[in-house]
Amino acid sequence: MTPSGEGLPNDYSRLEGYLRDIAFRLQLLSFLEFSLLLSSGLGLILLGSLVALEFKETFPYLSFIYCVIAIIFLLSFGLLGLRKVVWKPSTVRVAVELEQKFPQLRDDVTNSLLLFNQIKEGSSSGQISHKLIMAQVKRTAAEVYAIKPQEVVSFRKVLRHLRLLLPLILAFSVVLALDPSFLNRSLALITHPLSTLPQEKTLLSVEPGGSVVLRGTPVIIRAKASGKMPDKLALAIWPERREGIRLNMDPEGNGRFSYQISSVQSSFRYRVESSRVASPVYSIHVVDPPDVGKLKVTLIAPDYTGLPKEIRQEGHIEALKGTVLNLEAETTKTVKEGKVVLNQGNQFALQVKGDRLVGSWPIFYPGSYSIKVKDELGFENQNPVEYQIRLIPDKYPEGEITSPGQDLEISGNEVIPILYTAKDDFGIASIKLNYQMGEKEHSIPLKSSGGRSLGPETYRWDLGSLALAPRDRVTYRLEVQDNDSVSGPKKGYSRVFNLSVRDEKAIAAKEGEEAQKIV
């Protein structure tokens with residue numbers, strides 16, 4: 001028989017709801033504590049794996065034992081923690097713990113739950129019993145509600161676990177900063193425990209394997225042993241057309257061995273071997289670097305010189321500025337690339353035709369050049385010959401006035417014959433007679449073009465056209481310009497001569513004075 005009043009169910013609902021809230025808080029507290037403890041445990045395991053990895057070579061089974069212990073710990077702790085988190089405490093258990101924490105409640109909470117259950121099951125009889133139970137539940141609900149839930153279950157308990165977790169996070173961060181691959185190696189150690197077991201087989205990895213090298217270069221053969229470490233390794237070599245030899249390799253620690261051939265001269269086959277295992281047979285093919293053999297140089301001088309082509313069988317150059325150099329070279333083997341490198345830092349590609357190189361360029365500066373070639377394997381000539389380039393200077397033209405060839409005193413209206421000659425190493429472009437009166441300079445064209453030499457030629461200079469006055473002074477010289485079309489025309493000059501105009505009246509007066517003195 002259930003009570004008919006409304007007070008008893010409401011009070012009981014309040015009491016039961018409070019206990020359920022406490023049960024949820026206990027479950028949430030367990031989850032938080034489990035999460036922090038699990039994180040701390042995982043951090044300790046990962047940091048501890050550093051020791052197992054460090055002494056792996058000394059104690060081969062240490063990593064496997066550590067891995068098994070770590071997995072057992074994580075599984076056990078995880079199962080226990082999940083059981084505690086998933087399991088929700090009953091209201092009766094919460095009531096007992098509540099009464100133990102708050103002694104003033106005595107047994108009121110458990111008694112109220114027990115009496116109300118009796119009413120629900122109909123085992124209680126009598127109206128008085130119902131009222132007493134109702135009063136008991138009501139009083140107990142009031143006492144319980146006076147206690148705040150955070151006083152029963154405090155989440156501050158979680159903070160005590162941070163005392164371990166925070167230092168672990170700091171240590172983990174430092175290790176990860178120093179060794180970025182630490183996390184991957186530690187996780188691989190735990191997730192693949194069988195891979196940590198020492199191998200009974202010996203595995204060999206060899207470098208460089210099969211390759212092509214230049215004759216005379218050093219070759220280092222390296223081998224790395226894994227699994228069951230051998231005490232020593234040997235290098236078996238079979239040179240071309242010679243008997244094989246067996247050499248001991250130098251140990252470098254951690255299963256590494258090496259052997260250096262200071263200067264390899266011929267191709268050979270080789271392998272690395274021990275008493276238990278041998279590597280595959282590899283080949284080292286030795287080749288010569290490409291180089292430049294015969295040279296043919298054709299020099300084409302600038303057009304203004306009129307010089308013929310010049311063919312040389314050497315690379316050194318001696319030519320005029322602006323000369324075009326046509327280069328043909330033979331290489332010692334087929335190449336895929338060729339280029340000319342100038343000492344000014346410029347370079348340009350040559351046309352490749354099998355074992356022949358062809359190219360041309362104009363010469364404007366002295367210095368040197370070299371020819372770099374590269375074969376199909378990518379090898380280059382290491383120390384190419386450096387050929388010199390020397391420029392032959394284009395000389396200045398020369399001019400000379402042979403007559404009158406001295407300073408003269410004139411009356412100012414004569415016609416003076418100017419006898420002159422001119423020459424240049426490649427060609428004369430023009431000849432002028434330059435003269436100066438006062439501050440002004442004038443020129444008279446004599447010849448517009450000519451060969452390499454001219455003269456003697458005569459120019460009749462009519463001084464009457466200059467309108468000279470007594471005591472005037474005229475300076476004059478010959479100007480010769482060549483036909484240099486590369487650097488620009490150059491000018492040469494003769495000696496400077498002077499013409500002085502006599503004062504006829506002064507001379508006559510002076511002569512009259514002298515005559516009177518004589519009379």
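**Exercise 1. Backbone angles in loops**

R471 lies in the loop between β25 and β26. The structure is a predicted model. Task: state what is unusual about the phi of R471, and find whether R471 is buried or exposed.

Solution.
- Step 1. Most residues other than glycine have a negative phi.
- Step 2. Phi of R471 is near 70 degrees, a positive value in a residue other than glycine.
- Step 3. The cut-off for exposed is over 50% relative accessible area. R471 has 68% relative accessibility, so R471 counts as exposed.
- Step 4. N254 can be treated in this way too. N254 is not a glycine, yet has a positive phi of about 55 degrees. N254 sits in the loop between β6 (250–253) and β7 (256–261). With a relative accessible area of 61%, N254 is exposed.

**Exercise 2. Cis peptide bonds**

Task: for the cis peptide bonds from S403 to P404 and from G455 to P456, give omega and the place of each proline.

Solution.
- Step 1. Most peptide bonds are trans.
- Step 2. Omega is near 10 degrees for the bond from S403 to P404. P404 is in the loop between β20 and β21 (408–410).
- Step 3. Omega is near 5 degrees for the bond from G455 to P456. P456 is found in strand β25 (residues 453–462).

**Exercise 3. An open sheet**

Task: write down the strand order of the open sheet formed by 5 strands, and explain which strands stand at the edges.

Solution.
- Step 1. The order is β2-β9-β8-β4-β5, with mixed pairing.
- Step 2. β2 (211–214) and β5 (245–248) each have a single partner strand, so one side of each has no neighbour in the sheet, and these two stand at the edges.
- Step 3. From one strand to the next, the twist averages 30 degrees.
- Step 4. Strand β4 (residues 234–239) pairs with β5 in the antiparallel sense, over 4 bridges. I237 stands opposite I245 in β5.

**Exercise 4. Helix α2**

Task: compare the expected span of helix α2 (residues 62–86) with the distance between its end C-alpha atoms.

Solution.
- Step 1. Helix α2 has 25 residues, which at 1.5 Å a residue should span 36 Å.
- Step 2. The end C-alpha atoms of α2 are 36 Å apart, which agrees.
- Step 3. The buried residues in α2 include S63, C67 and A70, as well as G78, G81 and V85.

**Exercise 5. Salt bridges**

Task: among the 13 salt bridges of the structure, describe the one between R356 and E328 and those made by K490 with D394 and D484.

Solution.
- Step 1. In the salt bridge of R356 with E328, the closest N and O atoms are 3.4 Å apart. R356 is in strand β17 (residues 356–362) and E328 in strand β13 (residues 324–331), so the pair ties together parts 28 residues apart in sequence.
- Step 2. R356 is partly exposed at 32% relative accessible area, and E328 is partly exposed at 33%.
- Step 3. K490 and D394 form a salt bridge with the closest N and O atoms 3.3 Å apart. K490 is in the loop between β26 (473–482) and β27 (491–493), D394 in the loop between β19 (386–392) and β20 (398–403), and the two are 96 residues apart.
- Step 4. K490 also meets D484 in a salt bridge of 2.9 Å, N to O.
- Step 5. Buried means under 20% relative accessible area. K490 at 11%, D394 at 13% and D484 at 4% are buried.
- Step 6. Salt bridges with shared partners join D394, D482, D484 and K490 into one network.

Note on methods
Residues are numbered from 1 along each chain as its sequence is written. This is a predicted model: local features need pLDDT of at least 70, side-chain atom pairs count only at pLDDT 80 or more; totals for chains, interfaces and linings use all residues. Side-chain values use heavy atoms; hydrogens and water are left out. Two strands pair if DSSP finds at least two bridges between them. Axes are lines fitted to C-alpha atoms, for helices over the stretch in contact, and angles run from 0 to 180 degrees between N-to-C directions. The expected span of a helix is 1.5 Å times one less than its number of residues. Buried means under 20% relative accessible area, exposed over 50%, partly exposed in between (1.4 Å probe, protein chains only). A salt bridge is a side-chain nitrogen of Lys or Arg within 4 Å of a carboxyl oxygen of Asp or Glu.
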